[in-house]
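Student: I've got a model open and I'd like to learn how to read it. Can you take me through it feature by feature?

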Amino acid sequence: MLVLGIESTAHTFGVGIVSDEPRILADARYNYVPKVGGIHPREAAESFISNAPRVLSEALRSAGISIESVDAVAVALGPGLGPCLRIGATVARVLAVYYSKPLVPVNHAVAHIEIGKMLTGARDPLVVYISGGNTVIAALYGGRYRVFGETLDIALGNFMDTLARELGIAPPYVVEGVHALDRCAEGGRYIEMPYVVKGQDTSYSGLLTAALRVYRSGARLEDVCFSAREVAYSSLVEVAERGLSQLGKREILLVGGVAASRYLVEKFEVMARYREVELYVTPPKYAVDNGVMIAWTGLLLYKHGVTVEPERAYVRQRWRLDSVDVYW
Ligand code: FE2
């Protein structure tokens, strides 16, 4: 079985092709880079339109197949940015209708988790999903990924990117797999920062404000980066550890773009060793947004009979992880 998957929820337009062995046959991507500041949804969507045909044909060429031979077309219908989501949805609907292929609706968050499980071999993990738009602690229970903790305001990745930008140390945010904040933190010393954990939830907006205030009142740049980073990462590890105790899980799986931070991984390693649980980390190449994760999750869904009529394949900007049925 071959499934083609399309990702376009934020800054990546990606097309992946997978088989059920499982094998990755193609992974083509276009990444939108904003000229200034953060992601501009309409500008990103326009750049997707001009790059989509090239990415699609690159995927088919590298897989060595024609579109006729795929069994289904999968697409990330949410959560994400409306203008960006609509480009992927349009391309997928056209392919499904024109080539008479079943269309499979995929939740982007579920896809981050499933590609992590497929590539690492994790079976029943406590999932820590950390990216530019998400900070979620989840686990599969009763046929759905239940949320056991999340950020009360901004996501961890958003916090890191915004702080780096405001401190004038980015873009680029990530160079050779190291985030600007992690790089800047080297040699820093700890100064007091607000550490917020409420129940099972984290919070980063107060930390962002405090870090900028401390910097503007004359603190050393590396001390600000180090302290903000330590507080942000530690509060996440704390809620994850509590999630482990609560749920009795023996595995932790890190998914999403921020899982590529080796400093964060080191903190999780220490915690996992102490608690004698297995730590799995999604390989950085597939921890960030890509079409392969959509294709793989689409394949799992398609095998369980999940499809959608093209005219009913609406995008859902706030499609929650815990509203999706997981049949496997
Ligand atoms: Fe993502």
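Tutor: Sure. Keep in mind that this is a predicted model. Let's start with polar contacts: between domain 1 and domain 2 there are three residue pairs in polar contact, with both partners at pLDDT 80 or more.

Student: Which elements each supply at least two residues of the side of domain 1 that touches domain 2?

Tutor: Strand 3 (23-31) and helix 10 (291-303) do. Helix 10 gives the most, with five residues. If you sort that side of domain 1 by class, you get seven nonpolar, six polar and four charged residues.

Student: Where do the two domains run along the chain?

Tutor: Domain 1 is made of two stretches, 2-108 and 289-323, while domain 2 covers 113-286. Their C-alpha centres lie 27 Å apart.

Student: How is the size of an interface often given?

Tutor: People often quote the accessible area lost when the parts come together. Here about 1,400 Å² is buried between domain 1 and domain 2, and carbon and sulfur atoms give 62% of that. On the domain 1 side, Trp296, Leu321 and Asp322 lose the most area to domain 2, together 33% of what that side buries. Counting contacts instead, 17 residues of domain 1 touch 17 residues of domain 2.

Student: And how many salt bridges cross the interface of domain 1 and domain 2?

Tutor: The rule finds one. As for a salt bridge you can look up in the viewer, try the side chains of Arg320 and Glu150, which meet at 3.5 Å, N to O.

Student: Let's do the metal. Which residues are the protein donors of the iron ion?

Tutor: Go through the donor atoms one by one: NE2 of His108, NE2 of His112 and OD of Asp289, lying 2.1 to 2.2 Å from the iron ion. Written as a sequence pattern, the donor spacing is H-x3-H-x176-D. His112 lies in helix 3 (residues 108-120) and Asp289 in the loop between helix 9 (284-287) and helix 10, so this pair ties together parts 177 residues apart in sequence.

Student: What should I expect of the backbone, in terms of phi and peptide bonds?

Tutor: Most residues other than glycine have a negative phi, and most peptide bonds are trans. Now for the cases here that go the other way. Glu21 and Pro22 are joined by a cis peptide bond, with omega about 5°; Pro22 is in the loop between strand 2 (12-19) and strand 3. Another cis bond runs from Ala170 to Pro171, with omega near 0°, and Pro171 is in the loop between helix 4 (156-166) and strand 9 (174-175).

Student: Is the phi of Ser100 positive or negative?

Tutor: Positive, at about 50°, although Ser100 is not a glycine. You'll find Ser100 in the loop between helix 2 (82-98) and strand 5 (103-107).

Key: Residues are numbered from 1 along each chain as its sequence is written. This is a predicted model: local features need pLDDT of at least 70, side-chain atom pairs count only at pLDDT 80 or more; totals for chains, interfaces and linings use all residues. Side-chain values use heavy atoms; hydrogens and water are left out. Domain bounds come from an automatic or database domain assignment. Contact means heavy atoms within 4.5 Å. Buried area is the accessible area (1.4 Å probe) that two parts lose on being put together, summed over both. A salt bridge is a side-chain nitrogen of Lys or Arg within 4 Å of a carboxyl oxygen of Asp or Glu. A polar contact is a pair of N or O atoms within 3.5 Å; within protein, one must be able to donate a hydrogen and the other to accept it, and residues adjacent in sequence count only if both atoms are side-chain atoms. Helices (H or I, at least four residues) and strands (E, at least two) are DSSP runs, numbered from the N terminus. Ala, Val, Leu, Ile, Met, Phe, Trp, Tyr, Cys and Pro count as nonpolar, Asp, Glu, Lys and Arg as charged, and the others, Gly among them, as polar. Donors are N, O and S atoms within 2.8 Å of the metal (3.2 Å for Na, K and Ca); water is not among the atoms, so sites may look incomplete.
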